[in-house]
Each structure stands twice: as C-alpha cells, then as structure tokens.
Amino acid sequence: MSKIGLLGELEQLVLLAILRLGEEAYAVAIRQEIRERTGLRAARGAVYVILDRLEKKGLLTSWFSEPLPERGGKARRYFKLEPPALEALSQARGAMNSMWEGLEPEVESI
Amino acid sequence: MSHRPPSPPPRLAARLFGRAVPSRWKLSVSGDLDEEWYQRQADGQSLWTLRPWYLFQSLRIALSFFRAGFAERDAVQSSRKGGWATSFRQDIRLAGRLFRRHPLPSSMAVSALALGIGVNSAVFSVVDQVLLRPLPYPAPERILQVSATLMMGNGMSFGGSLPQAHFEALRNRSRSVEAIAYYNAGQTIVSGRGEARVYPSAFVTQDFFRVLGVNPLLGRGFASDLGAVSQPQVMISEGLWKSLFGGDPGALGSRLTVDDVARVVVGIVPSGTGFPSSETALWCLRRLDPAGKTLEPAILRVRSQVPLDQADKEIEQILMASWEEEGAIVDQADVSSTSLYESIVGGVRPALWALMAAAGLVLLVACANVAHLMMARAAVRGREFGIRSTLGAGRWRLMRQVIAESLLLSCAGSLLGIGAAAALVHLMMARAPAEIPRLDGLGFDLRTILWPLALGLLTGVALGLVSSRRASRPAADAALRDGASCTTGPRRSWTLNSLLVGQSAMTLVLLLGASLLTHSFYRLIRVDLGYRPDGLLVTEFQPGESHFPTPRNHLDFYDALMERLSKDPGVRGVAAGSHTPMANKWYLASVQVPGSSQSEQAQLQMVSEDYFSVLGADLIEGRAFLPTDRAGSRPVAVLNQTLARRLFGDAPAVGQVIESSGGDRRQVLVAGVVADYLAGRLNQPAPPLLFRPLRQSIGDQDLPFWRLGMYLLVGSRDGRIEELVPRLSSAAAEIDPSLPPGGVSELSARLSRSVAQPRFYSALAGTFGLGALILVAVGLYGAVAYTVSRRTQEMVVRLALGASPRSVLRLVMWQGLSKVLLGVTLGLMAGLVGSRWLAAHLFGISARDPLSFAAVTVFLLIVTLAACWIPARRATRLDPMEALRTS
C-alpha cells in the first residue's frame, strides 16, 4: 500500500468528479457533478476541506482562472489530478472489489 | 427596459471567513459562494431568503475549516512534543514566570477576579441555601400551609389563618390529609435551670411533627392520645438540649418551667429541622378546646399516594362544605393552600434572584477589567508573539499560551475568591434579617466551594479565548519592525473601548440599583409613623374558649390585668385592643353615611379607653372613648383621618352619624377623629380605620373581638422594658394561673425587624455597587495609563511643537471619559428599563427617581475624572527631550 493510505468515500467521489470534469473542475462544479451522478449532497465545507487535504497530500494541483464578472470579479480555483491520485483511486477500488468478492448474491438476496 | 444591477453578497460573511478560512482558500471559496449568490439572484430568488442562505453557508464552511484546522494542528503538535498535557504544563510554567516578572498587573487582575468570584459565590451560597436546597423534611412538597379568607354576610370579612371548625373538619373528614396541625409562634421564658431566659418558641397541636415528618432525636415526642396526657409536654431543640442539659439523655422526662408552667420534656428535635423558625427552641404541646374558636396558621401533610392536585380539590371541598354548615354568617370563603416551601421562601425569592443578578454583574465588570489588563499586556507582548509565530508557533499554540495565563489568573482569583466568599458569608450571616428564612444552615461545603472553582475555570477559559484571539494573530513583519507597536490597531482599540463602555454601563446599573434601594430605605425609616413606638410592649394572649366562656369573662380578665399593671410604678399607661400596629390581622367593616348609597370599607378595631394615648396617636377632633361608652350606652366610634375624609370630605366629622355594617345597619355617633397612623406595614399608607369601644362590643355580635385575640399595649415609664416583661407575665398568671402565656415583644423591635430586609438589601446592593465602582476606576486608570504609555511619542511631539500641557491633558482624559460617557448613557437607558423590576421593593420614590439617577451619574463621572486625571497628568509632565531620547 502507498504512503497515502486508503482514500475515504468522499475523497474518492471528489477525485472521480475532478477526473470527469477535466478542465472544468472547480468546487461548485465538483459538488454539482457528485450530486447529479449519485444524488448525494456533499456539504460545501466538507468538499473544500477535502480538496485542501488532497492537495496537501500531493494528489491534486490547482490554479486560478482570470477574475470572472459572474463571480463579482473573483477567480475560480481549478483542480487537476496528479499521477498518485490515479494510483490511490485504483487502490481504493481494488480494496473494495476484494471485499465485495463473492458477497454480491448474498447482499442482493436480502 | 432597465435592469437593476444585482445586489452584492452580505459583508458580514467576509468577516466569518476572515476568522477561520485559511488565506489561500479565501478568494476561491468566497468566489464560489458569490457565483451561486449571483446565479440564484438571476433565477429570481428574493434577497430575503438569499441573505440568510449566504450567511448560513459561510458559517458552515468557516466551521468546517475551523474544525479541520484544529484537528490537524493538534495532531502535528502532539506528535512533535509528546502530547498536549506536556505542552500545557509548559504553558502554565511560562505563565507563572510571567506573573512573577509583572507582579502589579497580575495581582490587580487576581484581586479583581477574587472580588467578582467571591461576591458571586457568597450570594450563590445564600441562594443555594435558601432557595435551591429542599426543605429538611421527607417529601416536603406534600406539606401544605392552609389559610382562608372569610367574607361574612353582614359585610365583614377576616382572614389569614384557619378557623378551628374547619381545622377539625379537615382532620376528621379528609382522606387525603395524613396529619394536620396548628402552630403559633411566640416567645417563652424558660426558668428553673440557671438564669431565666427568653426563647423563640411555638405552641403546637400534637400532630405538628407528624406533619413535618420529623422524628425526635431522642424520646417519643408528643402523645397522639391526649386523653392519656396528664402533664403539659414540651419538646426542645437539640441546641437547647445541649445548652441546658449538656446533651444528657436524662433530660427526657425531666421538667422544664416554661412561662411558669412545669412541662415534661418528651423529645429532642434534631437541629436543622426547626419550624416555624429555624431558631425555635421549644415546642409546647397545646390542646384544642372542642368548642374553641381558634384562628391560626395551620399546616398539613398530604398522604403519599394521593396526587397533590386531587388533595387540593378535596381540601377546598371540605372547607367549603364546612363553611356552608356555618351558613348564617359566612357568605363567601376563599381558601388557599400553598406548599410549605412556597410559603417559607416565596417572599424573598425575587429579591434573592435580583441579588444573584447583581453579583453576576459584578463578576462581569471584574472580567472586563481582567480582559482589559490581559489585552493591554498582549499588546505589549506583540513582538514576542510575532517572533514565536515567525519561528513556527501555530495560532493554536499561541492561543493556548494566553489561555494558560488567564487560567492561572482565574485559578488564583477563585482560590482567593473562596476566602472572600467565606468572609462575605460570615458578614451576611451576622447582618441578615430574621425574615430571610433558612439562613441558619448557611456555611461552606463542597457545593459552595465547587461553585467559585467552576466560575473561575469558566471565566478563565472565556477570558483566555477573548484576549487570545488577537494576540495569536500577530502580523509578523510588523511585529518585528523595530519599535513598532504593532498590535494596537483599530480593532484592538475597538475591543478595549467596548469593554470600558460595557463596564461603565454595568457599574452604573449596579450603582443605580443600590442608590434606589438606599434612597427608598432612607424614606422608609424616616416615615412618619403617626404614633410613638418607643417603650411600648405588646402582649398577646391566646386563651381557649374554656377560659373565657363569655366575652364578658374575657373582658374582665383584661380589665383586671390592666388595673394591676396600671399600679406598677414602671408603667406609663396600659390599653387593650383587638389590633396593634403591624399586626398581621385585619377585620373589615363597611361604613356609610345614612342616606348615602356609597359605602366605605374600613378596618374595624375594638380598643379600650386609653388606647390612643398609650400608643401616642394624636386625637385631632372630638374625644377618645370613655368608661361610660359601655354596653347599653349610645354606640360611638372614632375614625381615623382617612376614613373621616372619605365619608365627610372636609366637613367636621364629630357629631355626625354613620351606619356601620350589621344586619340592622345600626347608627353610630362619631365621637372623635384620630390622626392617621401606619396601622399596617411601613410601606403601606394608612388604611381607613374605624375604632369602636371595647366595652360596647359586649353583647354585640358585630364586634366579635374574642375571635381575633387581644393585644395589650403597655407603655413603660422609664424605657426599661426588659424589667417589665416578667412583671407582666406574673401579673397575668396571678389573675388566671391556667392561662397559656402570651408572646411579648417590643413595638420598636418589631418596627426595626420590619425594615431589616430593605436595610439588608440596600446594604448589599451598595456593597456590590461600590465594588464595581472600584473595579471600573482601576480599569479606567489602567486604560488611560496604557494609552499614555503607548502614545508617549505622539505626546512629546505635540508638546515639542508647542501644544499646551492643558490641551494634552484634555486629549488624554477625553480618551477615558468619552467611553464612560457612552457607557453611562447606555447604563441610564438600561436603568430606565430595568428599574421597574425594583419598583416592588421601593418605598416613597418612583423607580425612575430623578435624584437617584442624577446622583449616581455624577458620582460615577467624578470617580472617572479622578481615575483618568492621575495618569493623564503624567503625560503633561513629559520632558520632550528626555522622552524622545529614550523612545
């Protein structure tokens, strides 16, 4: 296992949303993406705290856009995945898959 | 078509961010929120819903960052230094070192806190003892006090206690009443064991201690079957047992002479359970005359399985039914049963909570003072914090340092506060009026020690949080600049100034309360009574019906006693009456002028001939009663001024005829008018009074003085009252040896007791107000001195450029004075609103008494001026060259 440790659920969702949004990944869009795909309403504060943490862990990088009039002249902060993020995601998925192995019929039968 | 530009988001949110969101996130997070804000506005959402949404979201985001930040920093630091506890110990050590280095401000802060915490704890221990602790009886909520007000068909009414017929009805018929008892408090003389002494005592019926649920410490207590009792019985308090018998169990069964009657001691009452007063030392068993007409306070205990509301209903039903049986005279009855707790403490509760609030204000003022000192010190230490922050100390680390300092201060404060509280409690015990119930058990125990400690901890943390907020955010670059006073920005001044404003406002409120109470107390003790209480003794006998089967016998007894006493060389005069001033009984009659449809309610009193002269009330018209005003002669009355004015206006009343209540509306001749005197409490105006001659009440059903008991007023000639008391008792015993002794008291002592409570409250409020005033003065002094030290450079430049010392003095003083003026304005407004809560405790002045308001304002301003002037003067004495060289 890498030094980063296993990703949390919301961390995975945030990383996957960034991956999906590509060039357009900033906090509002990320929340929107998670909500549209999963129906989950992630708290704004939680998303920011996770983005901050992931960036500090080196899984993300960010940059600022030009000031935008629709934001009262403030810039957007865009995010992009770094290679360790992809590694961490696949590790998380692998861990989940191995835990699920053989349990699907049992869970579905309930 | 014109578009309105969209509204910008609320600014307050930016402040919320400013506190908690890391700076690298501020721009993008607020941008994201703004984007949604403008989007929602474009979607047509109203600003009324949008603004709260925006604020709420900002708060949530700020909270998330705040929580995450603390969790992270804590994890980092504890991994680095081996735990939170270790570094906290370091903080405390550092704080201790700091205090040793600056002993004066630290000890000032500790004394301020000790004062605040001490006052608070002392008042809390009183509130705890009087209000919060349950009564010392099992299931105290089941003990009720019953009293009744009777309105008779003939227009008269009386009340305050429970007539014996209804007492019996309750005892015999009620299923919910377990036990019921009469009690009558008074004083008795115990003789035969050493020197004769007067003790607070009670005459009680046999079930008294069953009602309370008190088991004797020793002995069996009063017999439940009175038929088997051959000798009068008495139970004594544990205290009396120890002082009279040295705690010897052999006391049981021995005889004690109580008011010249030998009584057998049948039980020792454990200390702390005394009732009606905690000081009651003896409980004498009394029998109820089956045909008696006793009218006294009664208590009862409700059976444990009966719900209280059901018991209430049953008691009311039984009393009503019993009144209906009495039919002919009772027209309407009003029963009240209150819990014993309520009847004991109900009267003092509002005042005690008000005191608690006042003590809370003192603590707040003290806290403001300390916050002040700490912030001033933090400002001086801005450089130190800047360096520590630059070297990598996190914000939480710096905050913790300040919190540790304030905790150390408050712990020292609360330890000293415990001492201050102990002294204050001692003082209050010595000065507290007897009317404040349950005070005797007041002392220091775990609860009263935990309270100041908890208060200290709480104030320590709160103060630490307040003063650490800014101390922990030094602008490192500015702090490190040489000689810069970096942390004295406008925000810090704002906090310091608002502390000063708040402090002065609170002090003004406290002083105002104290001044109103003191002014009112002054009015109360200077009130014109209308009679002369000095040297007057009041005796009340409560003979049973068996003693005096007819009113005639009753009167004969008093005549004989008066005659005997009037021969005593020490007696100036003696008179009998159905009432005395401040007796808590009343008997109403309706009076009218014949032919008029309007009647007046007046308190009816039956008095003997010399009553007015013995009391010292002035007769202003006509005559007093004469020995010839007896049964069969023409009915006469004396009115007081109030009643005379109500009935006849300014016309002379003497010689007029009035109709007093009674079925036949008997006509009564007005023989005289007596000047108004305060017949009830001091804080109540003179009620309309109708006096009738005692002797005419014989054979007159409308003048049932024997239902009310009788008082004897004895005027002493030389003021040596204490010598009169035994002579009075023995004279009564000589006439009728079997008469239960009456209670004896001095009228002036009663008066003094009746103002003991307002005296106590105004003294306490005054102490609190002065304490707060000292704190504010010290705070102001510190604030102005701090300003002077901070602006020394500016001052010397001003002086060097030709400013006069006077203008510099004005400038500096205005610094302090302006805050106090604002505080005084706020305090006056709060006082105008809040003083009406005091109105119930005020006498003779309005709750907005201009004199009190003005005096307090002027007083506070004078103290303020003095506190500002001393440090400000220093500014004017600066030598420019010297100051510039050293700075």
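This is a guided tour of a predicted model with chains A and B, one selection at a time.

**Start with confidence**

Colour the model by pLDDT. The whole prediction scores ipTM 0.89 and pTM 0.63. Select chain B. Its mean pLDDT is 80, and 85% of its residues reach 70 or more. Now zoom to residues 482-488 of chain B. Here the pLDDT is below 50. Even so, the stretch has 13 contacts in the model beyond near neighbours in sequence. Read this segment with its pLDDT in mind.

**Chain A**

Hide chain B for a moment and show chain A as a cartoon. You should find five helices and two strands. Trace the chain along its sequence: the pattern runs α-α-α-β-β-α-α. Chain A has 110 residues, and 40% of them count as buried. Next, look at its contacts. Taking those between residues at least 6 apart in sequence, 50% join residues at least 24 apart. Switch to a surface view. About 6600 Å² is exposed, and carbon and sulfur atoms supply 54% of that area.

**Chain B**

Bring chain B back as a cartoon. There are 26 helices and 23 strands to follow here. The chain holds 887 residues, of which 52% are buried. For contacts with a separation of 6 or more, residues 24 or more positions apart account for 81%. Turn on the surface again. Chain B has an accessible surface of about 40100 Å², and 58% of it belongs to carbon and sulfur atoms.

**Arginines over tryptophans**

Select A:Arg77 and B:Trp25 together. This is a contact point from chain A to chain B: A:Arg77 lies over the face of B:Trp25, 4.3 Å from the ring centre. Then move within chain B and select B:Arg40 with B:Trp53. B:Arg40 also lies over a ring face, that of B:Trp53, at 4.1 Å from the ring centre.

**Aromatic pairs**

Show Phe, Tyr and Trp side chains as sticks. How many aromatic pairs are there over all chains? The count comes to 22. Go to B:Phe208 and B:Phe209. These two rings form an edge-to-face pair, 5.1 Å centre to centre with 85° between the planes. Both B:Phe208 and B:Phe209 are buried.

Jump to B:Tyr531 and B:Tyr677. They also pair edge-to-face, with 5.6 Å between centres and 80° between planes. Now check where each tyrosine sits. B:Tyr531 is in the loop between α16 (490-525) and β13 (536-541) of chain B. B:Tyr677 is in the loop between β20 (667-674) and β21 (689-693) of chain B. The pair links distant parts of the chain, its members being 146 residues apart. B:Tyr531 and B:Tyr677 are both buried.

Return to the phenylalanines and widen the selection. Add B:Tyr183, B:Phe222, B:Phe275 and B:Trp283 to B:Phe208 and B:Phe209. Together these residues form one aromatic cluster.

**Last stop: cysteines**

Select the cysteine sulfur atoms. How many disulfides are there over all chains? The count is zero. Compare two cysteines of chain B while they are selected. Is B:Cys284 buried or exposed? B:Cys284 counts as buried because its relative accessibility is 0%. B:Cys411 has 35% relative accessibility, so it counts as partly exposed.

Note on methods. Residues numbered from 1 in each chain as written. Chains lettered and ligands numbered in written order. Heavy atoms only, no water. pLDDT = per-residue confidence, 0-100. Contact = heavy atoms within 4.5 Å. Phe/Tyr/Trp six-rings, centres within 6.5 Å; stacked < 30°, edge-to-face > 60°. Buried < 20%, exposed > 50% of the residue type's maximum accessible area, 1.4 Å probe, protein only. Helix = DSSP H or I, 4+ residues; strand = E, 2+ residues; numbered from the N terminus. Lys NZ or Arg CZ within 6 Å of the ring centre and 35° of its normal. Areas by Shrake-Rupley, 256 points an atom, 1.4 Å probe, with all protein chains shown as cover. Disulfide = S-S within 2.5 Å.
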